[in-house]
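Dear colleague,

Please find below the structure that I am handing over to you. My account of what was found in it follows directly after.

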Amino acid sequence: MAKQLTDFKITKTTQLTPRYQLLSLSAPDNCDLSIIKPGQFVQIKIENNSTFLRRPISIHDVDINNHIIDILVCRHGEGTNYLCDMPSGSTINMMWPLGNSFSIPSNPNDSVLLIGGGVGVAPLLYLGKHLKDSSFNVNFLLAARTANDLLRLDAFKAIGQVYLSTDDGSIGEKGLITQNTILNESFKHVFCCGPMPMMKAIAHICQESNINCEVSLENVMACGIGACLCCVEKTIRGNRCACTDGPVFNIDELTW
Ligand SMILES: Cc1cc2nc3c(=O)[nH]c(=O)nc-3n(C[C@H](O)[C@H](O)[C@H](O)COP(=O)(O)OP(=O)(O)OC[C@H]3O[C@@H](n4cnc5c(N)ncnc54)[C@H](O)[C@@H]3O)c2cc1C
Ligand code: FES
């Protein structure tokens with residue numbers, strides 16, 4: 001699919017928590033956002049004097065009719081701080097859409113669980129919408145440190161059933177996401193994005209239970225288009241670029 005370099009206008013910014021910002025980005029009318037698949041990401045140019053590489057950010061939601069992409073940004077360092085502080089009305093240049101996508105199973109009767117931790121919840125909203133539009137009953141398992149750190153709960157609840165884990169038990173079940181009792185139920189497909197230790201633990205649970213599982217990797221990236229090899233992930237078929245062969249991988253392909 002052809003990658004595009006486009007100036008998007010920030011039409012709305014919402015501070016969800018002190019660390020997380022939701023940005024709505026308006027595309028020019030001639031952009032066809034229907035080409036975006038769930039799990040894809042954008043590379044955003046940071047227009048300061050010290051951040052030279054674009055920063056990869058997941059596509060959180062797409063409003064095809066109104067030409068809007070939503071992204072969810074967590075303050076990590078200079079680039080993401082810059083993005084979080086950009087005011088409504090400013091312009092950002094993005095390369096899009098990048099990477100592969102989650103697989104939508106063929107049978108809508110299959111049970112599906114979408115598992116996200118931290119900013120890893122970002123790509124799961126648009127995936128949930130696609131699954132719902134394809135007549136799946138969508139289940140989310142979302143985790144954060146405290147109730148206040150859980151992101152976009154209302155948006156997730158509008159799509160499906162939401163199960164929660166928090167470290168302090170302030171909402172949902174107390175403890176690690178991997179201890180949540182919903183994981184005792186049998187699901188046919190699991191889709192997961194979050195911190196690497198969490199994804200590996202979920203992958204092992206799925207392997208033991210013979211559940212089909214896809215994970216979205218957030219390997220550090222530079223070019224985002226398969227040219228620099230800095231995002232390489234070891235797979236059973238050799239090294240693969242997380243930016244072009246991923247970021248979504250079936251756990252059967254990985255050497256975890
Ligand atoms: C496919 C993909 C999708 C992503 N989606 C989102 C998203 O939706 N929202 C979001 O907030 N972030 C997302 N990230 C992570 C985001 O790209 C990094 O946090 C960002 O590039 C850090 O840039 P910075 O300039 O703010 O921080 P830097 O100053 O470059 O680094 C600050 C710290 O962040 C670490 N870091 C840098 N890059 C990454 C990375 N890729 N993953 C984890 N840690 C990193 C550095 O090692 C350092 O410790 C995604 C990453 C990938 C690869
Ligand atoms: S980021 Fe350059 S090859 Fe993947």
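I begin with the ligand. The shell around ligand 1 is made up, by class, of twelve nonpolar, seven polar and three charged residues. Please bear in mind throughout that this is a predicted model. Of the 22 residues around ligand 1, those that come nearest are Ser58, Cys74, Gly77, Gly79 and Thr80. Three elements give two or more residues to this shell, namely strand S4 (55-58), strand S6 (68-74) and helix H1 (78-84). Because domain 1 (4-98) and domain 3 (217-256) both contribute residues to the shell, ligand 1 lies between these two domains.

Overall organisation

The domain assignment divides the chain into domain 1 (4-98), domain 2 (103-216) and domain 3 (217-256). Between the C-alpha centres of domain 2 and domain 3 there is a separation of 22 Å. In the contact of these two domains, eight residues come from domain 2 and seven residues from domain 3. On the side of domain 2 that touches domain 3, helix H4 (196-208) and strand S13 (212-216) supply at least two residues each. That side of domain 2 consists of four nonpolar, two polar and two charged residues.

In secondary structure, the chain contains four helices and 16 strands. Its C-alpha atoms fill a box of roughly 50 × 40 × 35 Å along the principal axes. A compact globule of 256 residues would have a radius of gyration near 18 Å, and the chain agrees with this, having 18 Å.

The antiparallel sheet

One open sheet is formed by seven strands in the order S4-S3-S7-S1-S2-S6-S5, with antiparallel pairing. S4 and strand S5 (61-63) stand at its edges; each has a single partner strand, so one side of each is left without a neighbour in the sheet. On average, and with direction ignored, neighbouring strands of this sheet are turned by 40° against each other.

Within this sheet, strand S2 (residues 20-26) runs antiparallel to S6 and is joined to it by seven bridges. One of the pairs is formed by Ser26, whose bridge partner in S6 is Ile68. Helix H2 (residues 122-133) packs on the sheet and touches S4, S5 and S6. The direction of helix H2 makes about 50° with that of S5.

The mixed sheet

A further open sheet of seven strands follows the order S11-S10-S9-S8-S12-S13-S16, and its pairing is mixed. At the edges stand strand S11 (173-174) and strand S16 (248-250), each with a single partner strand, so one side of each has no neighbour in the sheet. Strand S9 (residues 138-144) pairs with strand S10 (residues 161-166) in the parallel sense, over six bridges. Here Phe140 has Val162 in S10 as its bridge partner.

The hairpin

Strand S14 (residues 232-235) and strand S15 (residues 238-241) are paired in the antiparallel sense over four bridges. A hairpin through two residues joins S14 to S15. The bridge partner of Thr235 in S15 is Gly238.

Backbone details

What should be expected of the backbone in general? Most residues other than glycine have a negative phi, and most peptide bonds are trans. Against that background, three places deserve your attention.

- The peptide bond from Trp96 to Pro97 is cis, and its omega is near -20°. Pro97 belongs to strand S7 (residues 91-98).
- A cis peptide bond also runs from Gly246 to Pro247, with omega near 15°. Pro247 is found in the loop between S15 and S16.
- Arg152, a residue other than glycine, has a positive phi, near 55°. Its place is in the loop between S9 and helix H3 (153-157).

To recapitulate the main point for a new reader, ligand 1 lies between domain 1 and domain 3, since both give residues to its shell.

With kind regards

Technical notes
Residues numbered from 1 in each chain as written. Chains lettered and ligands numbered in written order. Predicted model: local features only at pLDDT ≥ 70, side-chain atom pairs only at ≥ 80, totals over all residues. Domains from an automatic or database assignment. Nonpolar A, V, L, I, M, F, W, Y, C, P; charged D, E, K, R; others polar. Near = placed C-beta within 6 Å. Pairing = 2+ DSSP bridges. Axes fitted to C-alpha atoms, helices over the stretch in contact; angles between N-to-C directions. Rg over C-alpha atoms; globule rule 2.2 N^0.38 Å.
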